[in-house]
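Here are my notes for you, point by point. Have the model open while you read, and look for each piece as it comes up.

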Amino acid sequence: MDVSVSTDQKVAIVTGGAGGIGEATARMLAQRGARVALADLRADAAEAAAERLQAEGLSAAPFTVDIADHASVQAMTENVLSRWGRIDILINNAGVESSKPFLEIKLQDFERVMRINVTGAWLCCQAVIPVMLRQGGGSIVNISSVAGQRGGGLLGTAAYSTSKGAVIALTKALAREFAKSGIRVNAVAPSLTMTDFAQRQLEKLAPNTLDRVIALTPIGRVAQPDEIAAVIAFLASDEASFVVGQVYNADGGNAM
Ligand SMILES: NC(=O)c1ccc[n+]([C@@H]2O[C@H](COP(=O)([O-])OP(=O)(O)OC[C@H]3O[C@@H](n4cnc5c(N)ncnc54)[C@H](O)[C@@H]3O)[C@@H](O)[C@H]2O)c1
C-alpha cells in the first residue's frame, strides 16, 4: 500500500487494535511514521499484534483496556502518555456485533452493544480530548458502519445499527464542538470486511449470506481490512486537514 500520507512522529491510539480493521489501521499508521498503541481487551492478542508490527520494524506497543469501563480507559490513556508523552490520533475502532431479530434482543444484549460501541467511544473521547486540547489539536476517527446509516441490510440488527448510528451522531457533535480547537472528528462507515468479526456474523446467518451480500454490493466483493484502514489513516492524517464531521463510506457502493 502507498505510504505517502504521513502521520510522522505522531502518537496514535487504536482501540480494538489486536486484530481485524484495528490491526490493519495500526500497521498503516505505523508505516507512515506514527507510534501506535494497540489498545484492546484481549491482552495476549494485543501483545501478539504488537510483536507482529515490531517484527516489521514498526513502532507499536500493546495496552490492555476495556473501553466500556471509565477507570480502565483513564488508566490506558495515562499509560500511553507515560510511554510516549502525547496523543495525536485516536481511532475508536473496538466494537462488538449483535445478530438477533429485534424482538429476540434482550435488554442486557442491547445495553452491552451500546456500552461497548457507543459508551466506549464516548469514554475514549472524554479521556483523550483534554490531552489533545493541551497539545493544541488532534484527530479522532470513529468507526461506524453502513448499518448505522441504512439500518443493517442482510447482516444488520437493531442493536448494532442503533449503536453505529449513535457513533455518527457523536462524531458530528464532537466535530462541531472541537473544530475551532484544532481537533478534527470524522467517521468511517465500512460494509462487510473480512475479519473475525465478519466471520462470527456470517456463521450465525444462512450459508448463502456472503454470496447475497456480494450480489448486492456494486463493486461485486467484500472489503479487506487494509482497504478500510487506508481511509481511516487518511482521515487521521494532516492531509485531511479540512475534513470535519464527515462520515466516509468505505463500502464498495453499498450505501449509495
Ligand atoms: N468487519 C466488518 O464487516 C465491519 C463492518 C462495519 C463496521 N465494522 C466495525 O469495525 C470495527 C472493527 O471491526 P473488526 O471487524 O476489525 O472486528 P474484530 O472483532 O476483528 O476486532 C474488534 C476488536 O475489538 C476488541 N474489543 C471488543 N470489545 C472491547 C472492549 N470492551 N474494550 C477493548 N477492546 C475491545 C476485540 O478484542 C477485537 O480485537 C468495529 O467497530 C466494527 O463494528 C466492522
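1. Some vocabulary before the sheet: two strands pair if DSSP finds at least two bridges between them. Helices (H or I, at least four residues) and strands (E, at least two) are DSSP runs, numbered from the N terminus. Residue numbers start from 1 along each chain as its sequence is written. Keep in mind that this is a predicted model: local features need pLDDT of at least 70, side-chain atom pairs count only at pLDDT 80 or more, and totals for chains, interfaces and linings use all residues.

2. Now the sheet itself. Seven strands make an open sheet, with parallel pairing, in the order S3-S2-S1-S4-S5-S6-S7. Which are the edge strands? They are S3 (60-64) and S7 (247-250), and each pairs on one side only. On average, neighbouring strands are turned by 20° against each other, direction ignored.

3. Zoom in on one pair. S1 (residues 11-15) and S4 (residues 89-92) run parallel and are joined by three bridges. Find Ile-13 and you'll see Leu-90 of S4 opposite.

4. Next, a helix on the sheet. H9 (residues 225-236) packs there, touching S1, S4, S5 (138-143), S6 (183-190) and S7. The direction of H9 makes about 165° with that of S6. Contact here means that two residues have C-beta atoms, placed from the backbone, within 7 Å. Axes are lines fitted to C-alpha atoms, for helices over the stretch in contact, and angles run from 0 to 180 degrees between N-to-C directions.

5. H9 also has a helix partner. H1 and H9 pack at about 50°, their axes 8 Å apart, which makes H1 oblique to H9. For the wording: under 35 degrees counts as roughly parallel, over 145 as roughly antiparallel, 65 to 115 as roughly perpendicular, and the rest as oblique. Residues that meet include Ala-24 and Met-28 in H1, and Ile-228 and Ala-233 in H9. By class, this contact has eleven nonpolar, two polar and one charged residues. The classes work like this: Ala, Val, Leu, Ile, Met, Phe, Trp, Tyr, Cys and Pro are nonpolar, Asp, Glu, Lys and Arg are charged, and the others, Gly among them, are polar.

6. H4 (107-135) is worth a look too. H4 and H6 (residues 158-178) pack at about 20° with axes 9 Å apart, so H4 is roughly parallel to H6. Among the contact residues are Phe-110 and Trp-122 of H4, and Tyr-160 and Leu-170 of H6. The contact of H4 with H6 divides into 15 nonpolar, two polar and two charged residues.

7. H4 meets another helix as well. The axes of H3 (residues 70-84) and H4 come within 9 Å and cross at roughly 35°. Val-73 and Leu-81 are among the H3 residues that meet H4, whose side includes Ala-127 and Val-131. This contact has seven nonpolar, three polar and no charged residues.

8. Last, the ligand. Which residues come nearest? Of the 30 around the ligand, they are Gly-16, Gly-20, Gly-95, Thr-195 and Phe-197; a residue is near if its C-beta atom, placed from the backbone, lies within 6 Å. H1 (20-31), H4 and H7 (196-204) each supply at least two residues of this shell. By class, the shell has 15 nonpolar, eleven polar and four charged residues.
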